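User: I am learning how descriptions of a protein model are justified. Could you take me through the terms and the values behind them?

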Amino acid sequence: MQAVTYERFGGVSVLAVRELPTPQPGRGEVQMRITMASLNPVDFKLRSGMLRLVGRPKRPAITGKDFAGVVAALGSGVRNYAVGQRVFGSVDPLGGRGACARFVALATDLVAPIPEGVSDEIAACLPVAAGTALQVLADIAGLRSGQSVLITGASGAVGSAAVRIACSIGAQVTGVCGTANIDYVRELGAGRVIDYRTENWPALDQQFDVIFDAAAATSFAIARPRLKPAGIYINTMPRPELYRDALLARLGSRQRCVPFLLKTDSELLRRLARLAADGVIVPHIDEIVDLAGVAAAQQRMEDGRVHGKVCVRVD
Ligand SMILES: NC(=O)c1ccc[n+]([C@@H]2O[C@H](COP(=O)([O-])OP(=O)(O)OC[C@H]3O[C@@H](n4cnc5c(N)ncnc54)[C@H](OP(=O)(O)O)[C@@H]3O)[C@@H](O)[C@H]2O)c1
């Protein structure tokens, strides 16, 4: 099968479309023919070696985590899926599997059905970005109606899903983004939008129940004065100092600092699928490329020139 692969860490020039053996489903796995993948910042962070301390993908590595497709074959013991069924999911790319490929074989707990009315493009955009937003706001912060939340990176893939989810919960949403995206974030439903290029949100005269630093644009120390006494700060870039801050926050206050790492499972995917089917999550698709266009698209993403998601048409 064709796949976008790399053999060593580096810039986008290490990516190449190559022929690899088609993965076969093991016990408890389904083999899927991928129709659409989507790119995330973690793809270029893994490829560049920026995350080498977290894990090194088995070589040849296949880039990409998120995909939508069709069940092509069932491994032994799989009863809850049928050949031909539309599904989406998220690959653990450290094991030599990846989404920018014609086929993938995965355990069923990393897959969920695509509901009627949800396109493959939308489904492929959901797992990492919207999954992060949902897990952060609903599961970790326990955001409730009437609470206040500030979201950095509100125009990005994670942040835009977070704005939509927070609005659907009934929270008062403040979004932080760049000048060009102010109208977009307002249209998503944020009651207040702050342009990080011209305004300094840590200087606001407001305190929040939740600060979701989706852009990992600041630190707990800077955000803390803007947190309510029992407020929570969640950052998507789990650097060592965040774990230190998480400990310190617990010692002297009811505030919390949480370094976030996404954990995907079938249940999370099913919740995302429902939110997409209900029109709560509406990813903005910047561009759709083919497998040969993945390297250029990753470069654009790395340069901060992508608004929302890049999809990869595989089939
Ligand atoms: N830890 C995890 O498990 C996990 C999971 C998912 C994502 N992430 C990480 O989360 C981050 C966001 O991912 P994404 O897919 O949403 O990326 P993205 O689509 O590129 O969005 C990044 C956003 O950050 C905004 N931004 C840049 N500088 C900012 C600043 N100083 N203040 C506020 N906003 C700023 C940009 O806004 P403008 O374009 O409007 O300027 C952009 O929309 C990435 O670093 C990703 O690796 C981590």
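Analyst: What follows takes the ligand, then the domains, then two backbone features.
This is a predicted model, in which local features need pLDDT of at least 70 and side-chain atom pairs count only at pLDDT 80 or more, while totals for chains, interfaces and linings use all residues. Residues are numbered from 1 along each chain as its sequence is written, and side-chain values use heavy atoms, with hydrogens and water left out.

User: Which residues come nearest to the ligand?
Analyst: Among the 23 residues around the ligand, those that come nearest are Lys-45, Ser-155, Asn-181, Tyr-196 and Thr-236; a residue counts as near if one of its heavy atoms lies within 4 Å of the molecule.

User: What makes the pair formed by the side chain of Tyr-196 and the ligand a polar contact?
Analyst: A polar contact is a pair of N or O atoms within 3.5 Å. An N or O atom in the Tyr-196 side chain is 2.5 Å from an oxygen atom of the ligand, so the pair meets that limit. For a polar backbone atom of Gly-178, the distance to a ligand oxygen atom is 2.8 Å, therefore this pair meets the limit too.

User: How much of the ligand does the protein bury?
Analyst: The ligand taken alone exposes 940 Å², and the protein buries 78% of that, with accessible areas coming from the Shrake-Rupley method with a 1.4 Å probe.

User: Which two domains does the assignment give?
Analyst: The chain has domain 1 (2–113 + 284–313) and domain 2 (129–259), with bounds from an automatic or database domain assignment. Their centres, taken over C-alpha atoms, are 29 Å apart. Six residues from domain 1 and six residues from domain 2 make the contact, meaning heavy atoms within 4.5 Å.

User: What is the buried area between the domains?
Analyst: Domain 1 and domain 2 bury about 430 Å² between them, 54% of it on carbon and sulfur atoms; this is the accessible area that two parts lose on being put together, summed over both.

User: Which backbone features concern Pro-60 and Ala-216?
Analyst: The peptide bond from Arg-59 to Pro-60 is cis, with omega near -10°, whereas Ala-216 has a positive phi of about 45° although it is not a glycine.

Definitions and conventions
Polar contact = N/O pair within 3.5 Å; in protein donor to acceptor, adjacent residues only side chain to side chain. Buried area = accessible area lost by both parts, 1.4 Å probe.
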